[in-house]
Amino acid sequence: MSTPAAERTNLLGLPRPALEAFVAQLGSRPFRARQLMNWIYKRGTAELAEMTDLARDFRTRLAAAAEVRAPAIVRVQHSADGTVKWLLRADGAQAFEMVFIPEPDRGTLCISSQVGCALDCSFCATAQQGFNRNLTTAEIVGQVWLAMRELPAERRVTNVVLMGMGEPLANFRNVVPALDILLDDFGCDLSRRRVTLSTSGLVPQIYRLAAVSNVALAVSLHAPDDALRNELVPINRKHPIAELLPACWHYLDEQNGRSVTFEYVMLDAVNDSPAQARALARLLKGHPAKVNLIPFNPFPGTRYTRSPAAVIQRFRDELLQRGVLATVRRTRGEDIDAACGQLAGRVIDRTTVRLGNKIIGVAVQP
Ligand code: SAH
């Protein structure tokens, strides 16, 4: 008798050791896991019946207990600049987004880790949606698997960034196994320098990540001092800059990483003055840090506007003059609301605990 679809194990959620155990449980040899992964990730096959080098009776048992299921596509949008945005189904009416950004020398896939986000950064569209739930490992890996299948052959995914909806480190339990699959030679086979996890600064989880993963780290800093950062990135009240930066340097030490990227959204007359650039340079100078300045992307209802281009250049020059590497992120996919901070999906908020305008509780997974 076959297991109902909802109870079948989604193989996209199993890193190699777990897949080996699963295969063994079905009475086959663990090395079959590698054969399976080869079908799933190298050939992009979801059909277990097509995996003809696996013994027929094993395939039958496998098909009864397992499946390969990526999130369903609700809508695809193409930007004039080649950027593609997918709206993917979570459950019922809920959906989350994924974006592919083609560049001459690479293809970057920006994936989500949660349906919504609980962290409430004041300049982010996802925050306005509230938080619904964590994505599963299979849903996180399934985004990459799906994009690799959906994109035309000349559009390859060479880089993956966890910069879509959600705070990846608040979904530590599901994100870490997903990273393992993305890096595994038998999985998505991406180099660790081409997978970037971006966090708003969950300090304890940065230390935990340092012990178990070695992907590139990006941190959403956005302000050079606690007073302003408390306002823009409220998690700063719990984990201030003086705790955040040592966690970043620790991560690099443990992982033999080259540098941490600090994201800094450019908000007109809020955080973009030359004095603020100098304060930022003082924080980062002498450390293995790069600053990525992100021109603010507006969304309905926001109180912020984007810093003028000349102000952004000046800010960058102040950093460069002080020996801090800085680049300006080119805005992509704006015409389809696919740019940084514009991903909204469809989220039914259910866990952010608010009192008036103040968040008094946040669903962060231990
Ligand atoms: N929660 C994680 C992952 C999101 S990454 C994090 O905070 O890092 C998305 C990046 O885009 C973050 O650096 C985020 O701060 C930035 N961002 C959010 N809203 C934005 C907006 N409206 N314009 C430009 N960048 C934005």
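Reader: Before the ligand, what is a polar contact here?
Author: A polar contact is a pair of N or O atoms within 3.5 Å; within protein, one must be able to donate a hydrogen and the other to accept it, and residues adjacent in sequence count only if both atoms are side-chain atoms. The model is predicted, so local features need pLDDT of at least 70 and side-chain atom pairs pLDDT 80 or more, while totals for chains, interfaces and linings use all residues. Residues are numbered from 1 along each chain as its sequence is written, and side-chain values use heavy atoms, without hydrogens and water.

Reader: How far is the polar side-chain atom of His 222 from an oxygen atom of the ligand?
Author: The distance is 2.6 Å. For Ser 198, a side-chain N or O atom is 2.6 Å from a ligand oxygen, and for Glu 263 the corresponding value is 3.2 Å.

Reader: And how much of the ligand does the protein cover?
Author: The protein covers 95% of the 530 Å² of accessible area that the ligand has on its own, by the Shrake-Rupley method with a 1.4 Å probe.

Reader: How many residues surround it, and of what kinds?
Author: There are 22 surrounding residues, each with a heavy atom within 4 Å of the ligand. Among the closest are Phe 123, Ser 220 and Asn 297. The shell holds 11 nonpolar, 9 polar and 2 charged residues; Ala, Val, Leu, Ile, Met, Phe, Trp, Tyr, Cys and Pro count as nonpolar, Asp, Glu, Lys and Arg as charged, and the others, Gly among them, as polar.

Reader: Changing topic, which domains make up the chain?
Author: Domain 1 spans 5–67 and domain 2 spans 73–361, with bounds from an automatic or database domain assignment. Their centres, taken over C-alpha atoms, are 33 Å apart.

Reader: How many residues are in contact between them?
Author: In domain 1, 15 residues contact 15 residues of domain 2, where contact means heavy atoms within 4.5 Å.

Reader: Finally, what is the phi of Asp 120?
Author: Asp 120 has a positive phi of about 65°, although it is not a glycine.
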